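Work through the exercises below with the structure open. Each task is followed by a solution in steps.

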Amino acid sequence: MFPEFTLRYARLPERFYERFDPVPVKAPRLVAFNRPLAEELGFDLGAFDEHLAADWFAGNAVPSGAEPLAQAYAGHQFGVFVPRLGDGRAVLLGEVTDHHGRLRDIQLKGAGCTPFSRGADGRAPLGPVLREYLISEAMHALGIPTTRALAAVTTGERVFRRVPEPGAILTRVAASHLRVGTFQYFAARDDVEAIRTLADMAIERHYPHLGELPEGERYLALVEAVQARQAALVARWMGVGFIHGVMNTDNCSIAGETIDYGPCAFMEAHDPRTVFSSIDEGGRYGYGNQPWLAQWNLARLAETLLPLIDEDQDRAVEKATALIQAYTDRYESEWLAVMRAKLGLERQEEGDRELVESLLEAMQAGHADFNLTFRRLGDAVEPGEAEAGLLELFDARDGIEAWLPRWRERLAREDVGPETIAGRMRAVNPLYIPRNHKVEEALAAAAERDDFAPFEALREVLADPFTEQPGREAYARPAPPGEAVFRTFCGT
Ligand code: AMP
Ligand code: MG
């Protein structure tokens with residue numbers, strides 16, 4: 001039933017990882033399984049056996065052909081460099097080839113203490129596992145590049161965080177687990193050969209067109225390619241109010257996927273200063289800072305590649321600096337493209353940026369829900385009754401009332417009619433996002449009462465975020481007063 005493994009990472013020299021078999025758990029039980037993804041990865045579901053699957057996804061049985069290992073990496077955590085982090089509880093089984101011919105990593109997260117555990121327990125509580133499952137799959141349904149969730153199992157064991165919780169393991173699927181921190185691990189050891197090996201692997205897996213460039217150009221081009229994907233990724237996050245929460249360099253993927261869902265959350269009322277993570281006391285990873293943190297992370301990547309960018313280190317620094325500075329323009333244009341689409345604009349006009357910014361200001365002044373504002377703007381392309389549904393999101397309306405006529409005047413210069421504009425807005429502005437109070441409710445039911453019904457219901461709603469689902473209005477609404485979640489805990 002398990003697809004055949006291609007062991008790419010396991011064939012790298014030994015200093016890239018520690019061989020490590022998952023530590024068996026007491027009583028594995030499969031609590032979530034992603035059939036469409038399993039099919040895409042080439043699992044034979046005709047022979048699907050829930051008990052065997054539970055054993056595999058718990059690490060109690062290692063599928064044949066897998067050579068489990070824990071990857072080595074370093075990373076800047078909240079700006080502080082840690083030269084040896086590594087997979088403290090994750091185990092890479094190997095890579096499989098999906099239906100599109102792409103290699104995908106299959107990793108068990110929460111599989112026991114590895115040589116990188118640094119005194120922690122190597123395990124994961126059920127809450128954070130289900131949280132990553134829900135939010136990563138929601139991101140996928142929103143069309144945003146992300147790692148995926150293939151399965152979740154409970155272990156029959158308890159893990160101790162703030163309170164004892166049921167233990168669980170997430171099976172995560174990624175384009176790869178190469179991170180900025182993987183490069184930093186070897187840069188900290190002056191191991192240029194390892195950096196070249198990693199860079200060549202990243203090019204082969206994620207940017208194969210760069211393989212044709214002469215060596216002297218290839219590695220700067222790699223930084224540029226990663227930068228392009230990160231700029232596009234963060235612009236997409238900003239377009240749905242997503243706050244990652246821990247944009248450390250070890251959580252910055254070379255493939256450009258959203259990775260490592262810890263204290264992440266979606267903003268409700270628009271405010272660029274929004275921070276949810278309880279461990280982010282300085283607000284470093286707040287909503288509005290994300291674009292510039294990605295740039296900072298990319299600068300760290302470029303530093304590791306300097307020896308390969310140019311033999312003359314001054315010239316290498318010059319080239320890398322120019323490239324990292326170009327991020328600003330690249331990000332701005334990605335962001336503007338996202339925001340134009342959200343406002344139903346296809347043509348590009350000079351005043352568009354200002355139009356977007358003044359809407360965001362009006363939203364902030366009126367404490368308007370970020371995602372619902374855009375969704376309901378799509379109903380208010382023309383003046384009429386639907387406008388009331390938009391205005392009710394604002395507790396101060398001067399800004400939005402002044403803004404609407406300006407937007408409609410701008411829409412009149414699009415080449416299509418109001419129906420078409422409304423339709424394309426509905427296709428990019430989600431009605432359903434993982435609302436924090438709904439996520440918390442689902443996790444609590446599972447962890448406290450072994451009741452997975454709210455999790456299943458939420459997962460179903462989030463799988464189709466752009467289509468109105470009758471009877472599921474409650475999932476679209478912001479938290480009622482008193483239920484809003486202002487803090488999310490890493491507790492992972
Ligand atoms: P994260 O904050 O999840 O990105 O993790 C940062 C580092 O801490 C990584 O090296 C993880 O492997 C490690 N880590 C996080 N939680 C645990 C745990 N429960 N046991 C062992 N290592 C952990
Ligand atoms: Mg991490």
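**Exercise 1. Charges over rings**

Task: In this predicted model, determine which ring the charged end of K438 sits over, and do likewise for R284.

Solution.
- Step 1. Start from K438: its charged end lies 4.7 Å from the centre of the ring of Y475 and sits over that ring.
- Step 2. Turn to R284: here the ring belongs to W296, and the charged end sits over it at 5.2 Å from the centre.
- Step 3. Check both against the cut-off, which asks for a distance within 6 Å of the ring centre and a position within 35 degrees of the ring normal. K438 over Y475 and R284 over W296 are thus listed as charges over rings.

**Exercise 2. Aromatic pairs**

Task: Classify the ring pair F2 and F5, then the ring pair F43 and F57.

Solution.
- Step 1. A pair of aromatic rings is described by two values, the distance of the centres and the angle of the planes.
- Step 2. The structure holds 21 aromatic pairs. For F2 and F5, the centres are 5.3 Å apart and the planes meet at 25°, so this pair is stacked. Planes under 30 degrees apart count as stacked.
- Step 3. F2 is buried because its relative accessible area is 14%, and F5 is buried because its value is 10%. The cut-off for buried is under 20%.
- Step 4. F43 and F57 have 6.4 Å between centres and 50° between planes, and the pair is tilted.
- Step 5. Place this pair on the chain: F43 is in the loop between α1 (35–40) and α2 (50–58), while F57 is in helix α2, 14 residues apart.
- Step 6. F43 has 5% relative accessibility and so counts as buried; F57, at 1%, counts as buried too.
- Step 7. The residues of both pairs belong to one aromatic cluster, made up of F2, F5, F33, F43, F48, W56 and F57.

**Exercise 3. A glutamine in a helix**

Task: Decide whether Q227 is buried or exposed, and list what it touches.

Solution.
- Step 1. Q227 lies in helix α6, which spans residues 215–240.
- Step 2. Its relative accessibility is 1%, so Q227 counts as buried.
- Step 3. Leaving out residues up to four places away in sequence, Q227 touches L298, L323, I324, A326, Y327 and R330.

**Exercise 4. Empty space**

Task: Describe the largest pocket and the cavities of 30 Å³ or more.

Solution.
- Step 1. Rolling a probe the size of a water molecule over the atoms shows where empty space is left.
- Step 2. The largest pocket holds about 780 Å³ of space. Its lining has 33 residues, with Q77, R89, R118, D260 and T492 nearest the centre. By class these 33 residues divide into 11 nonpolar, 11 polar and 11 charged.
- Step 3. The count of cavities of 30 Å³ or more comes to three. The largest cavity has a volume of about 70 Å³. Its lining has 13 residues, and Q230, W237, M247, N251 and C252 are closest to its centre.
- Step 4. In the lining of the largest cavity, α6 supplies the largest share, three residues. Five lining residues are nonpolar, seven polar and one charged.
- Step 5. The second largest cavity holds about 60 Å³. R89 and T492 are among its lining residues, and α3 gives the most to that lining, with three residues. The classes are six nonpolar, one polar and three charged.

Methods: Residues are numbered from 1 along each chain as its sequence is written. Chains are lettered from A and ligands numbered from 1 in the order in which they are written. This is a predicted model: local features need pLDDT of at least 70, side-chain atom pairs count only at pLDDT 80 or more; totals for chains, interfaces and linings use all residues. Side-chain values use heavy atoms; hydrogens and water are left out. Helices (H or I, at least four residues) and strands (E, at least two) are DSSP runs, numbered from the N terminus. Buried means under 20% relative accessible area, exposed over 50%, partly exposed in between (1.4 Å probe, protein chains only). Contact means heavy atoms within 4.5 Å. On a 1 Å grid over the protein atoms alone, a cavity is a set of points where a 1.4 Å probe fits but cannot get out, and a pocket is an open set with protein on both sides within 12 Å along at least five of seven lines; lining residues have an atom within 4 Å of a point. Grid points are joined across faces, edges and corners, and a volume is the space filled by probe spheres set on the points. Ala, Val, Leu, Ile, Met, Phe, Trp, Tyr, Cys and Pro count as nonpolar, Asp, Glu, Lys and Arg as charged, and the others, Gly among them, as polar. Rings of Phe, Tyr and Trp (its six-membered ring) pair if their centres lie within 6.5 Å; planes under 30 degrees apart count as stacked, over 60 as edge-to-face and the rest as tilted.
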